[in-house]
Amino acid sequence: MKKLLILAVILSSSYLTTNSQSNNPGSNHANRFEELNYLLATPNEYRTASGAPGPKYWQQRADYEISVELDEPNNVIKGTETITYLNNSPNPLTYIWLQLDENFHNRLSDNNYTNTSRIESRMTDAQLTNLEPWRKLQGYGMNITRATDAAFRPLKYTINQTMMRIDLPVILNPGQRFVFKLAWNYKIPDKLTRSARGGYEHFAEDDNNLYSISQFYPRMAVYSDFQGWQTIQFTSGAEFALTFGNFRVNITVPADHIVAATGECRNYKNLLTAAQLKRWQQAQMAKEPVEVVTLAEALQASKTKSTAKKTWVYEAENVRDFAFNTSRRLVWDAMAANIDGRKVMCMSYYGKEAYPLYRKYSTKVVGHTLRVYSKHTFPYPYPVAISVEAAIGMEYPMLAMNFGRAEKDGTYTEATKNGMIGVIIHEVGHNFFPMIVNSDERQYWWMDEGLNSFLQFLTEQEFDINFPSGRGPAYKMVEYMRLPKDKLEPIMTKGDAVASVGSNAYGKASTGLNILRETILGREAFDHAFKEYARRWAFKHPTPADLFRTMEDASGTDLDWFWRGWFFGTDPVDISLDSVRWFKLDKSGVAVTKLPATGFDPIHIIKNRRDTSIKFYTDTDTTLRDYYYYNPQADSIYNVQSRNSKASETADTVNEQKWINKNFYQLTFSNNGGMIMPLIIEWTYIDGSKEVERIPVRIWMQNEQQATKVFIKDKQVTSISLDPYKETADINESNGMWPVKEMPGRFQLFNQPPVGGRGQSSGGNSIQRTLQQKKPAQ
């Protein structure tokens, strides 16, 4: 056998830290890869080990008949409701719980006392007053004026802040129904000055209000197999889970108001003018949005206030909630979308302030959202999907409240446009998670916000390949993951205990799913498994265990290490390339085909461009192109530096004669951060070509702290880098390079010349502000 000659030994230094807690202290393995089952609920006949509902799965049902009336002069809403509650559980019930979310505004609510505060050196009178917000809340909160059974016999009830318990007059046995009636009223808060999901917004210019009426009626709490009654208080943060049922709602408002609500309106003929009704009928077949109520009609209606009343009748089937918006100053446009062979009416409601943006984009974005989400989950099942410009971002079945207004001169910035598109996608997307896949945000904030933010990212990227998504790609999580350990928290943190909701429940959770799709499982395996989860748990109540188990069951991949590290832990990814040792036999090697070195794009951009099945919405509908489509980043220049490459495979061990004159590279890696990940290695050769290799996460199986591997190459290597597409949220790029490169600092990045344009990649990782430009009014 010929003697191996060591030609060079090159060492790239790094520090090995093992700052993560071990499940098996003192061992360098059997920690990260330990089975996850002991952290999850034991499978049973209700929820199986595969993640699917079991043969005896059950859930409750609640049907509502509601009549609600708006007292506009006094900003008061009053209502009555009849609830039919069906006990599908195997358990007899002696009481039931309802949610009274409007009591969040009551001055005695815990949230007015438990929110932290501090004294600053300079505080205005207004700031000092805000330290005691309950002083401003006299008269707010839900007033229950009647609670009876179906025969109007009084029921005994107890109110515990935002929860209400009704003691049943007789035991409600399995399979039985209980019908009861409630009457209530409350003072509507100003939603812009008092933290709220609903309320009114006043427009001083025309002295009119836009009402967002949500979480407004006593609603049945969830009683389930895995927790019993869900009685966690509402404090305006983590939202809610509810019971599915059918709704019939009569909404009485001033006669000149236009109402947007959950479900389908059953009496348009009694509400709309002949011209409006004709336009509504035209919208059923239109290929472009039709203004059912025109801007001119909305402006005219805003000039006076009718004292007459009209009642809008809405019905919705198999939904978990109901909400509505009402105002006399709303434009209303509509068009039909074909979702898996079914017609869905996509509609938008907005004031004159939002007209330049919403008239062009909103309804089309609604339809685009339904198509992309349906592709990745299940066909959208409802007949309607609505976007309302209401200055807030909030979601209810078939009804999304969003923001996005132009300047007074009709212009808008690119940031405003993209923010509006993003929030419409996000809030409309919530129809899928959690309105249909009915997870419980008060326990697991991430189960709807994280999953929905992930699908929002996919939908934005299919709207326009250059859409500047705020969440999704792994590299966008790096700054958060670099925070000190005491500033981080597991994704699994309970509801309102989450401190960094945006970074954690939205950002880290959605990024984790994107890493699974792009880097760990691959698109085909991930998409199949994710769709199976959505299909299994549509119109049901899933838990995290159901998601984790379904993803593993349907993909055929053990992901316990990933759930443990990314969802239950706080360790960051920090994998270093500690040393590179180069060996070679004594004869020259044979060259291979050169791979061109190209500019960097994130991995999702590369894969989207290669995926011929994706038709970007801005290409199929060119009316969506505007000034910013042809001049992206005109308001600010984003410099993102990266590289492109091509993947291939090599062998580890070979016959000596076959590999004479090849280059042997022994690489040593350390897991400094604690979170293990696959190794993604980019090789740059002496001829300038590049190659990417992907080493599965199992390389860490026998030693979770350090790994060594030999690679055999035809050509001499001039540089090596880890995670070239920034797929794993590695917090230290500099220790994954050989030769070691000094990474530019923040100010150096600002000094780099700005580059970039449509379809081009850019250099840098910071933002250079330019003179803000606005899109001309159209």
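Two strands count as paired when DSSP finds at least two bridges between them. With that in hand, here is a set of close-ups of this predicted model.

**View 1. An open sheet of 6 strands, with mixed pairing.** Reading across this sheet, the order is β17-β20-β21-β22-β24-β23. Its edges are β17 (290-293) and β23 (394-396), each of which pairs on one side only. From one strand to the next, the twist averages 20°. As a general reminder, sheet strands pair through backbone hydrogen bonds, in either a parallel or an antiparallel sense. Start at the β17 edge: β17 meets β20 (residues 331-339) in the antiparallel sense, over 3 bridges. To find your bearings there, look for V290, which stands opposite A334 in β20.

**View 2. Helix α5 packed on the sheet.** Helix α5 covers residues 355-376. Which strands does this helix touch? The helix is in contact with β17, β20, β21 (342-350), β22 (384-389) and β24 (399-402). Compared with the direction of β20, that of α5 is turned by about 25°. Two residues of the 355-376 stretch make a nice detail: the charged end of K360 sits over the ring of Y361, 5.7 Å from the ring centre.

**View 3. Strand β20 and its hairpin with β21.** How many residues of β20 are buried? The count is 8 of the 9, so this strand is largely enclosed by the rest of the structure. β20 pairs with β21 in the antiparallel sense over 9 bridges, and one handy landmark is V331, whose bridge partner in β21 is Y350. At the turn of the hairpin, 2 residues lie between the strands. D340 takes a positive phi near 55° in this hairpin.

**View 4. An open sheet of 4 strands, with antiparallel pairing.** The strand order here is β6-β7-β4-β11. Its edge strands, each pairing on one side only, are β6 (156-160) and β11 (219-220). Strand β4 (residues 93-99) runs antiparallel to β11, and 2 bridges join them. Zoom in on Q99 to see one such contact: its bridge partner in β11 is R219. R219 is worth a second look, since its side chain also lies over the face of F240, at 4.4 Å from the ring centre.

**View 5. Aromatic pairs around F562.** The model has 49 aromatic pairs in total. In one of them, the rings of W561 and F562 have centres 5.6 Å apart and planes at 80°, so the pair is edge-to-face. F562 also pairs with F567, again edge-to-face, at 6.3 Å centre to centre and with 65° between the planes. Are these side chains buried or exposed? Both W561 and F562 are buried; F562 has a relative accessible area of 0%. F567 counts as buried too, at 1% relative accessibility.

**View 6. An aromatic cluster of eight named residues.** Y64, W184, Y186, F216, Y217, F247, F322 and F324 come together as one aromatic cluster. It is a good place to display the rings alone and trace the cluster from Y64 to F324.

**View 7. A505 in helix α9 and its surroundings.** A505 belongs to helix α9, which spans residues 501-520. At 1% relative accessibility, A505 counts as buried. What does A505 touch, leaving aside residues up to four places away in sequence? Its contacts are W445, W446, E449, G450 and S500. Take E449 as an example: 56 residues separate it from A505 along the chain, yet their C-alpha atoms are 6.3 Å apart.

**View 8. Two buried cysteines, C265 and C346.** C265 has 11% relative accessibility and C346 has 1%, and both values fall under the 20% cut-off, so both residues count as buried. C346 lies within β21, whose residues are 342-350. How many disulfides does the model hold? A disulfide would need two cysteine sulfur atoms within 2.5 Å, and the count comes to 0.

Definitions and conventions: Residues are numbered from 1 along each chain as its sequence is written. This is a predicted model: local features need pLDDT of at least 70, side-chain atom pairs count only at pLDDT 80 or more; totals for chains, interfaces and linings use all residues. Side-chain values use heavy atoms; hydrogens and water are left out. Buried means under 20% relative accessible area, exposed over 50%, partly exposed in between (1.4 Å probe, protein chains only). Rings of Phe, Tyr and Trp (its six-membered ring) pair if their centres lie within 6.5 Å; planes under 30 degrees apart count as stacked, over 60 as edge-to-face and the rest as tilted. A charge sits over a ring if NZ of Lys or CZ of Arg is within 6 Å of the ring centre and within 35 degrees of the ring normal. Axes are lines fitted to C-alpha atoms, for helices over the stretch in contact, and angles run from 0 to 180 degrees between N-to-C directions. Contact means heavy atoms within 4.5 Å.
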